[in-house]
Amino acid sequence: MAGHSQFKNIMHRKGRQDAVRAKIFTKLIREITTAARLGAADPASNPRLRAAVIAARDSNMTRDTIDRAIKRGSGPDADANYDEVRYEGYGPAGVAVIVEALTNNRNRTAGEVRSMFSKHGGNLGESNSVSFMFDRLGEFRFPLSVGSADEVLEKAIDAGADDVVSGEGEDAVHEIYCAQDSFNVVREALEKSLGQPSVAKLTWRPKTGAPIEGETVQTLLDLISALEDNDDVQNVYANFEVSDDALAKFAA
């Protein structure tokens, strides 16, 4: 998990800003329209939509673009109809990978995901083939500016959370985790004590890590990058562990 977080930070710094921005906006718009279709069009009464709108604002999406996305997914003339699909498989060296997608063509997306796994030394598995290696948890992220690690830990415990990971450095955040069933209760309590989180979602957190090294690191990170570049893919989770030196070499 830590390895994947480091990988995300490296990819953020590597450039391709226009392309990355376009990909992020495509995924955020799809999530906003789906959240609006499945729930209320008002972010105040739709936690999933509120989280999507917060993420969109954090990525500097304009208010007009957000409003258009909500309209696409709500009301009598809604034209957005994406299916939520989860794919599971193994990357190189047996690393477990979970892929979450929003698609209007299941056959197309399944074929593309399967091809990416095969091209990068992995294979797509059946449903629930690797999810037992992960915990389904609520995840919240706050900037370090909301408080010290001890202060955030205390407020997280009071809110009913189970774990807090406070990072260090330029891109670090406070990551707070809770049980899936407690997500809404913990979210409301954290918003009162810490403000709006930059991320509030359900996530897959590995129970144990799979150490990798050498050329396997490059191959696996290429797989993750390829999956995340696909417009239909919303999230990718993997249970690998890799050293800082190996990630730094990849970023060079």
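**Cores, a buried threonine and a cavity**

Visitor: Which residues does Leu 227 touch, not counting residues up to four places away in sequence?
Guide: The model is predicted, so local features need pLDDT of at least 70 and side-chain atom pairs pLDDT 80 or more, while totals for chains, interfaces and linings use all residues. Residues are numbered from 1 along each chain as its sequence is written, and side-chain values use heavy atoms, without hydrogens and water. By contact (heavy atoms within 4.5 Å), Leu 227 touches Val 97, Val 99, Val 113, Met 116, Phe 117, Val 233 and Val 236.

Visitor: Which element gives the largest share of the largest nonpolar core?
Guide: This core (buried Ala, Val, Leu, Ile, Met, Phe, Trp, Tyr and Cys joined through side-chain atoms within 4.5 Å) has 24 residues, of which Val 95, Val 97, Phe 117, Leu 227 and Phe 240 touch the most other members. Two or more residues come from each of β1 (83–90), β2 (96–103), α5 (106–119), α8 (215–229) and β9 (233–238), as DSSP runs (helices H or I, at least four residues; strands E, at least two). The largest share, 6 residues, is given by α8.

Visitor: How many residues are in the second, separate core?
Guide: Phe 140, Phe 142, Ala 161 and Leu 194 are included in this second core. Its total is 15 residues.

Visitor: Is Thr 103 buried or exposed?
Guide: Thr 103 lies in strand β2. Beyond four places in sequence, its contacts are Arg 30, Asn 81, Tyr 82, Asp 83, Val 85, Arg 108, Thr 109 and Asp 232. Because its relative accessible area is 0%, and the cut-off is under 20% (1.4 Å probe, protein chains only), Thr 103 is buried.

Visitor: With the side chain of which residue does the side chain of Thr 103 make a polar contact?
Guide: The Thr 103 side chain also reaches the backbone nitrogen of Asn 105 at 2.9 Å. A polar contact is a donor–acceptor pair of N or O atoms within 3.5 Å. At 3.4 Å, the side-chain partner of Thr 103 is Arg 108.

Visitor: Which element supplies the largest share of the lining of the largest cavity?
Guide: There is 1 cavity of 30 Å³ or more (1 Å grid points where a 1.4 Å probe fits but cannot get out; lining atoms within 4 Å of a point). Its lining is Pro 47, Arg 50, Ala 51, Ile 54, Arg 187, Glu 191, Pro 197 and Ala 200, divided into 5 nonpolar, no polar and 3 charged residues. At least two residues each come from α3 (47–58) and α7 (183–194). The largest share, 4 residues, is from α3.

Notes:
On a 1 Å grid over the protein atoms alone, a cavity is a set of points where a 1.4 Å probe fits but cannot get out, and a pocket is an open set with protein on both sides within 12 Å along at least five of seven lines; lining residues have an atom within 4 Å of a point. Grid points are joined across faces, edges and corners, and a volume is the space filled by probe spheres set on the points. Ala, Val, Leu, Ile, Met, Phe, Trp, Tyr, Cys and Pro count as nonpolar, Asp, Glu, Lys and Arg as charged, and the others, Gly among them, as polar. Buried means under 20% relative accessible area, exposed over 50%, partly exposed in between (1.4 Å probe, protein chains only).
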